[in-house]
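Biologist: Please pick one part of this model and walk me through it closely, with its surroundings. I'd like the pairings, the packing and any open space around it.

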Amino acid sequence: MYRFLLSPRWLGALALTLVAAAVMVWLGNWQLDRYRGRTEINERIDAGERMAPGPLAGAFRAPTGGPGIAGPAPAKDKVWTRITATGRYDTPNTVLVRGRTVDSRVGFEVLTPLVLADGSALLVDRGWIPPAPGGATAQPSVPAPPGGDVTVSGRVRETESGAGMVDRRDGRLETRRIAVPRLARELPYPIYGGYLLLDDQTPAADPVFKAVPVGHTNNWQNFGYVVQWWLFAAMALFGYGWVARREARRAAGLASTTAPLDRVAEPTPSASA
């Protein structure tokens with residue numbers, strides 16, 4: 001019954017079905033890797049909320065070289081962990097990161113280098129502030145950080161992707177992306193290869209700053225794609241088998257047919273009905 005499957009047409013259909021199913025399985029596995037990666041990030045975010053801050057050296061390798069050099073990026077398992085550091089804020093080299101949204105409002109995140117005792121610096125995201133009146137890109141009035149030694153604690157963040165063009169507007173550094181290697185070229189000291197999202201500070205930070213929210217990644221969306229692609233692969237294989245079986249039954253004369261309806265043979269209703 002199934003010798004027709006060896007014909008070139010059916011062998012070609014089988015090859016296409018197997019290739020399509022293999023691609024769908026591969027896409028499902030790729031989404032599964034993304035699901036696992038995002039789940040790991042969410043677990044680190046949750047663990048960072050519970051942990052006590054550790055030393056700076058536990059998350060970062062110190063930068064080497066002269067001014068304008070960024071140190072190595074933090075290891076993946078150190079991102080979102082909490083650390084603490086002590087230094088002095090370098091107010092003149094504050095960086096405004098425009099186009100940032102908090103509570104559905106577009107404003108600025110404020111990064112200020114914290115210069116450490118060895119002369120290197122750690123970029124500290126002090127929080128979000130709204131723009132000045134006049135539009136979302138109007139430069140805000142940024143409160144000055146405390147003078148003297150400041151102790152900060154917060155979450156380790158890695159550099160953001162993208163070129164991160166940096167320019168000066170009204171004497172202030174501005175950018176759209178927190179691209180640490182690019183920002184390093186604008187600063188007069190070596191800086192660490194990531195930045196700190198501020199949680200606490202001593203002396204206390206100005207209340208005008210809003211904490212930048214830490215959002216979990218949408219890992220369940222990736223899990224949904226896993227199920228979707230694997231179902232598509234199963235449906236492709238099932239569809240090939242179903243069509244092949246139908247063809248085999250037709251060739252064997254086993255396909256069910258419906259007899260034509262003979263309207264002439266139907267009884268004519270009486271006029272009194």
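Modeller: Here is a close look at one strand, and then at what sits around it.

Keep in mind throughout that this is a predicted model. My pick is β9, which spans residues 191-202. How many of its 12 residues are buried? Nine of them are, and that leaves β9 mostly covered.

Start with its pairings. β9 and β6 run antiparallel, joined by eight bridges. One register point to click on is R157, whose bridge partner in β9 is Y195. With β5 the sense is parallel, and the pairing there runs over four bridges. Two register points help on that side: V124 stands opposite L196 of β9, and D125 has L197 as its bridge partner in β9.

Stay with β5 (121-129) for a moment. Nine of its nine residues are buried, so β5 is largely enclosed by the rest of the structure. Besides the parallel pairing with β9, β5 is joined to strand β4 (residues 105-115) by eight bridges, and those two run antiparallel. E109 pairs in that ladder with W128 of β5. β4 and β5 make a hairpin with five residues between them, and G119 in its turn has a positive phi of about 95°. There's another hairpin to look at, made by β7 and β8 with two residues between them; in that turn D170 has a positive phi of about 55°. Strand β7 (residues 166-169) and strand β8 (residues 172-175) pair antiparallel over four bridges, with D167 matched to E174 in β8.

Now the packing. The largest nonpolar core has 16 residues, and L56, F60 and V152 are the ones that touch the most other members. β9 gives two or more residues to this core, as do β2 (82-89), β5 (121-129) and β6 (150-158). Apart from it lies another core, of 15 residues, including I178, V180, L187 and Y189. Back in the largest core, L56 is a good place to centre your view: leaving out residues up to four places away in sequence, L56 touches I83, T84, A85, L116, L122 and Y192. Of those, Y192 falls within the 191-202 span of β9 and L122 within the 121-129 span of β5.

Next door, R155 in strand β6 is worth a click. Is this arginine buried or exposed? At 7% relative accessibility R155 counts as buried, because that value is under the 20% cut-off. Skipping neighbours within four places in sequence, R155 is in contact with Y195, L196, L197 and D199, among others. Its contacts also include I45, G48 and E49, as well as W80, T81, R82 and V214. I45, G48 and E49 lie inside the 8-50 range of helix α1.

For contrast, take D33, also placed in helix α1. D33 is partly exposed, with a relative accessible area of 49%. From D33 to L122 the C-alpha to C-alpha distance is 32 Å, across 89 residues of sequence.

Finally, the open space. About 350 Å³ lies in the largest pocket. Of the 16 residues lining it, the closest to its centre are I41, V79, W80, R157 and E158. That R157 is the residue bridged to Y195 of β9. α1 gives the most to this lining, with five residues, and β6 supplies at least two. By class the lining divides into four nonpolar, six polar and six charged residues.

The second largest pocket brings us back to β9, which provides the largest share of its lining, five residues. About 170 Å³ of space lies in this pocket. It has 13 lining residues, with R126, L198, D199, K210 and A211 the closest to its centre. Seven of the lining residues are nonpolar, one is polar and five are charged. D199 turns up here for another reason as well, since R155 is in contact with it. To sum up, β9 pairs with β6 and β5, contributes to the largest nonpolar core and lines the second largest pocket.

Definitions and conventions:
Residues numbered from 1 in each chain as written. Predicted model: local features only at pLDDT ≥ 70, side-chain atom pairs only at ≥ 80, totals over all residues. Heavy atoms only, no water. Buried < 20%, exposed > 50% of the residue type's maximum accessible area, 1.4 Å probe, protein only. Core = buried A, V, L, I, M, F, W, Y, C linked by side-chain atoms within 4.5 Å. Contact = heavy atoms within 4.5 Å. Pairing = 2+ DSSP bridges. 1 Å grid on protein atoms, 1.4 Å probe; cavity = no way out; pocket = protein on both sides within 12 Å on 5 of 7 lines; lining within 4 Å. Points joined across faces, edges and corners; volume = space filled by probe spheres on them. Nonpolar A, V, L, I, M, F, W, Y, C, P; charged D, E, K, R; others polar.
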